[in-house]
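Good morning, colleagues. Please take a moment with the sequence and the model that I am about to show; I shall then go through a few of its features in turn.

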Amino acid sequence: MKIALVGYGKMGKTIERIAQSRGHEIVLTIGSKNTEDYITENIQKADAVIEFTRPELALNNVSQSLKAGVPVVCGTTGWNESVPQAAALCAEHQTALIQSSNFSIGVNIFFELNKQLAQMMNHQDTYQVGVSETHHTQKLDAPSGTAITIAEQIVQQLERKNKWVKEEAHNDEELAIQAFRVDEVPGIHVVTYHSEIDDIEIKHTAHNRDGFALGAVLAAEFLVGKQGLYTMQDVLFPRK
Ligand SMILES: NC(=O)c1ccc[n+]([C@@H]2O[C@H](COP(=O)([O-])OP(=O)(O)OC[C@H]3O[C@@H](n4cnc5c(N)ncnc54)[C@H](OP(=O)(O)O)[C@@H]3O)[C@@H](O)[C@H]2O)c1
């Protein structure tokens, strides 16, 4: 398939390599220095757009592609509140969007484990739950979109928590996410249930960016011919 890359930084370059290794062709590459090339005529040369840029640019970039009728895989984090606005364009222009805070297959398996574990802990109230994430120092958003997804899953499943907060919980109903920034770390996420007796911990460590890039390319392959808003769960765990 023909792919347009919007954002040609660490992720854009990794996606290019992985997409080419799967036989796809990159027909358009947009970075901050050639945004004038991001026009309908060029977008429509691609079967799908893969967008990894910056939080403040995502809604506009995604919308432009959807309005051109071209499906979009968006990995940019930190624009969750605007996703419904973009999703509405899918119906209007009969195309599709996948937005995920984390395209890695391993993390999406972790998400499922996290939900199940939280449900099991409903009757174990001696355990205190916490979420932490560690990323490289150039990461703009904190806590990470992945940590927010993890925390939202826990809040949904675990009755004794009703919201997540950054850094420090002020009461028992708040779930704290701690964010650490350390050079060169592609991404570590940990959920810990701590008690006086023992700790239960689930942890995902990304060794490099290839897992995110492969997931994004798989998502683009999945999206062609679809209409609506999809998630990585639809790509990785399709219902029979
Ligand atoms: N969902 C996931 O699985 C996942 C995984 C990793 C990262 N991410 C997210 O993906 C995003 C990008 O991460 P990254 O590590 O690739 O960042 P990065 O290395 O900083 O790359 C961002 C790119 O966006 C480009 N850009 C800036 N302004 C632009 C514009 N107006 N139009 C088009 N491109 C523009 C930059 O171009 P210049 O270089 O010319 O400035 C740069 O190439 C972040 O939000 C990050 O949190 C998501």
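Where is P143 found? P143 sits in the loop between strand 6, residues 128-135, and helix 6. I should say at the outset that what you see is a predicted model. The reason for starting at this loop is the peptide bond from A142 to P143, which is cis, with an omega near 0°.

Let us continue into helix 6, which covers residues 145-157 and includes Q157. The side chain of Q157 makes a polar contact of 2.9 Å with the side chain of Q119. Leaving aside residues up to four places away in sequence, Q157 touches K115, A118, Q119 and N122.

A further backbone feature concerns E167. This residue has a positive phi of about 70°, although it is not a glycine. E167 is located in the loop between strand 7, residues 163-166, and strand 8, residues 174-181.

I turn now to the overall organisation. The domain assignment divides the protein into domain 1, made of 2-103 and 210-236, and domain 2, made of 105-205. Taken over C-alpha atoms, the centres of domain 1 and domain 2 are 27 Å apart. To their contact, domain 1 contributes 14 residues and domain 2 contributes 14 residues.

How much area is buried between domain 1 and domain 2? The figure is about 1,100 Å², and carbon and sulfur atoms give 51% of it. On the side of domain 1, the residues that lose the most area to domain 2 are S101, N102 and Q233, which together account for 39% of what that side buries.

As for the polar terms, the rule finds zero salt bridges across the interface of domain 1 and domain 2. There are, however, eight residue pairs in polar contact between domain 1 and domain 2. Helix 7, residues 210-223, and helix 8, residues 232-236, each provide at least two residues of the side of domain 1 that touches domain 2. By class, the residues on that side of domain 1 comprise seven nonpolar, five polar and two charged.

The model also holds a ligand, with 24 residues around it. The closest are K10, M11, S32, T77 and F103. Three polar approaches deserve mention here. A polar side-chain atom of S32 lies 2.5 Å from an oxygen atom of the ligand. For M11, a backbone N or O atom is placed 2.8 Å from an oxygen atom of the ligand. S101, already named for the area it loses to domain 2, has a polar backbone atom 3.2 Å from a nitrogen atom of the ligand.

Finally, the salt bridges. How many does the rule count? The count comes to seven. R17 and D210 form a salt bridge, with their closest N and O atoms 2.8 Å apart. Because R17 lies in helix 1, residues 10-21, and D210 in helix 7, this pair ties together parts that are 193 residues apart in sequence.

To close, I would return to two points for discussion: the cis peptide bond from A142 to P143, and the domain interface, with its eight residue pairs in polar contact and zero salt bridges. Thank you for your attention.

Key:
Residues are numbered from 1 along each chain as its sequence is written. This is a predicted model: local features need pLDDT of at least 70, side-chain atom pairs count only at pLDDT 80 or more; totals for chains, interfaces and linings use all residues. Side-chain values use heavy atoms; hydrogens and water are left out. Domain bounds come from an automatic or database domain assignment. Contact means heavy atoms within 4.5 Å. Buried area is the accessible area (1.4 Å probe) that two parts lose on being put together, summed over both. A salt bridge is a side-chain nitrogen of Lys or Arg within 4 Å of a carboxyl oxygen of Asp or Glu. A polar contact is a pair of N or O atoms within 3.5 Å; within protein, one must be able to donate a hydrogen and the other to accept it, and residues adjacent in sequence count only if both atoms are side-chain atoms. Helices (H or I, at least four residues) and strands (E, at least two) are DSSP runs, numbered from the N terminus. Ala, Val, Leu, Ile, Met, Phe, Trp, Tyr, Cys and Pro count as nonpolar, Asp, Glu, Lys and Arg as charged, and the others, Gly among them, as polar. A residue is near a molecule or strand if one of its heavy atoms lies within 4 Å of it.
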